[in-house]
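I opened the notebook to record what I looked up in this structure. The entries follow the order of my queries.

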Amino acid sequence: MRTRIRELIENGDRLFAKRQPILSLWQTQAENFYVERADFTTTRSIGDEFAANLMTGRPLLARRDLGNALSSMLRPRGQAWFKARTGDERINEDAAAKKWLDQKSDVMRRVMYDQRGQFIRATKQGDNDFVAFGQTVISVDVNRFQDGVLYRTWHLKDVAWAENAELQIDTVHRNWSVEARLLVSLFPKTVSEKVRKLADKDPFREIKCRHIVVPATDYELENKPRNAARFPFVSLYIDCDNETVLAETPIRRISYVIPRWVTVAGSQYAYSPATVVALPDARLLQQMTLTLLEA
């Protein structure tokens, strides 16, 4: 078991290592357009001035306005901006099926905009990541009480992914630092004994964990479901510090939504044409403003 866990962690480490060079680009883009996220290659204190290195905030305001425009255009509040439909137009045109689908659309809308679901918070953060870096990572999970959906946006520096032969994302690794007390609360049956003791002595000590989603063909479950063909992916939560599997669950689809703006052949990571084109202008604007201030 430990050998299999170690192999999974090492596979993820290789994905993170391969992605390392792009962090410098994201750091530069963040320092000019999204200073709140400028911690890809540096560690920032909670009391640091985010924009202390800038002479003008115009590039930041441009990114903010474009990020806000996405939600106002694509997800207007008070309007039915999506409808559930199938891939078969004959079903969609059937009156009874259409009525049923519209009802489910209303149910989904109520679930998404439930205050506990954090949908607005997650998508607002995701819009700004998408505008600044060309992609964002949003997880869609059932909440811990199993009575709603929880949406969360994750920092791009903590997530790495890979594509299959059809250019679809089929593998996701996400680094996750969790306090010992929360780890015991989330996984009371499978957490290691070391973490239990740590939760009593030092409850706020962070444990290095990782969430991994891989194709079912890459990971053999110990308790395979009877209808295994309906679950093409496996979700695993691993305590990396203690090499312990906290949870392994067969799933039908990847629990991450990773929209990508413009992709380049040979890379699973996208880029933002907005910030790539505007980066030289933003640097020039900072220098011009500094020159005028000095003059």
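**Entry 1: Thr-153**

I started with a side chain and found that a polar atom of the side chain of Thr-153 lies 2.5 Å from the backbone oxygen of Ala-122. The model is a predicted one, and I read each value below with that in mind. I then looked up the place of Thr-153, which is in strand S2. Is Thr-153 buried or exposed? Its relative accessibility is 12%, so Thr-153 counts as buried, the cut-off being under 20%. I listed what Thr-153 touches, leaving out residues up to four places away in sequence: Arg-37, Ala-122, Thr-123, Gln-125, Gly-126, Asp-129, Thr-136, Val-137 and Ile-138. Ala-122 is thus on the contact list as well as being the residue whose backbone oxygen I noted at 2.5 Å.

**Entry 2: Arg-37**

Arg-37 was on the list for Thr-153, and I followed it up. Arg-37 is found in the loop between helix H1 (2-33) and H2. Its relative accessible area is 15%, and Arg-37 is therefore buried. Which side chain makes a polar contact with the side chain of Arg-37? I found the side chain of Asp-129, at 3.0 Å. Beyond residues up to four places away in sequence, Arg-37 touches Ala-30, Asp-129, Phe-133, Thr-153, Trp-154 and His-155. Asp-129 is also among the residues that Thr-153 touches. I checked one longer separation too: Arg-37 and Leu-183 are 146 residues apart in sequence, and their C-alpha atoms are 26 Å apart in space.

**Entry 3: Trp-81**

Next I looked up Trp-81, in the loop between H2 and helix H3 (89-93). Trp-81 has a relative accessible area of 27%, so I put it down as partly exposed. The side chain of Trp-81 makes a polar contact of 3.0 Å with the side chain of Tyr-113. Not counting residues up to four places away in sequence, Trp-81 touches Leu-74, Arg-75, Pro-76, Arg-109, Met-112, Tyr-113 and Phe-119. I also took the separation from Glu-49: the two residues are 32 apart along the chain, with 38 Å between their C-alpha atoms.

**Entry 4: positive phi**

I looked at backbone angles next. Most residues other than glycine have a negative phi. Gln-118 has a positive one, near 60 degrees. Gln-118 sits in the loop between helix H4 (95-112) and H5, and at 30% relative accessibility it counts as partly exposed. Glu-243 also has a positive phi, near 50 degrees; its place is the loop between S6 and S7.

**Entry 5: the largest pocket**

How much space lies in the largest pocket? I noted about 1300 Å³. The lining has 34 residues, and the closest to the pocket centre are Asp-141, Val-142, Asn-143, Arg-152 and Tyr-237. Elements giving two or more residues to the lining are helix H5 (119-133), strand S1 (137-142), strand S2 (149-154), strand S4 (169-179), helix H6 (180-186), strand S6 (233-239) and strand S7 (244-251). S2 gives the largest share, six residues. I sorted the lining by class and got 14 nonpolar, 11 polar and nine charged residues.

**Entry 6: the second largest pocket**

The second largest pocket holds about 340 Å³ of space. Its lining has 15 residues, and Arg-75, Thr-123, Ile-138, Val-257 and Pro-259 lie nearest the centre. Two of the earlier lists come back here: Arg-75 is among the residues touched by Trp-81, and Thr-123 and Ile-138 are among those touched by Thr-153. Which element supplies the largest share of this lining? I found H5, with five residues. Helix H2 (58-74), H5 and S1 each supply at least two. By class, the lining divides into 10 nonpolar, three polar and two charged residues.

**Entry 7: the whole protein**

I left the overall values for the end. The protein has eight helices and 10 strands. Its C-alpha atoms fill a box of roughly 75 × 60 × 40 Å along the principal axes. Of the 295 residues, 41% are buried. The exposed area is about 17600 Å², and carbon and sulfur atoms supply 53% of it. For contacts between residues at least 6 apart in sequence, I noted that 63% join residues at least 24 apart.

Terms used:
Residues numbered from 1 in each chain as written. Predicted model: local features only at pLDDT ≥ 70, side-chain atom pairs only at ≥ 80, totals over all residues. Heavy atoms only, no water. 1 Å grid on protein atoms, 1.4 Å probe; cavity = no way out; pocket = protein on both sides within 12 Å on 5 of 7 lines; lining within 4 Å. Points joined across faces, edges and corners; volume = space filled by probe spheres on them. Helix = DSSP H or I, 4+ residues; strand = E, 2+ residues; numbered from the N terminus. Nonpolar A, V, L, I, M, F, W, Y, C, P; charged D, E, K, R; others polar. Buried < 20%, exposed > 50% of the residue type's maximum accessible area, 1.4 Å probe, protein only. Contact = heavy atoms within 4.5 Å. Areas by Shrake-Rupley, 256 points an atom, 1.4 Å probe, with all protein chains shown as cover. Polar contact = N/O pair within 3.5 Å; in protein donor to acceptor, adjacent residues only side chain to side chain.
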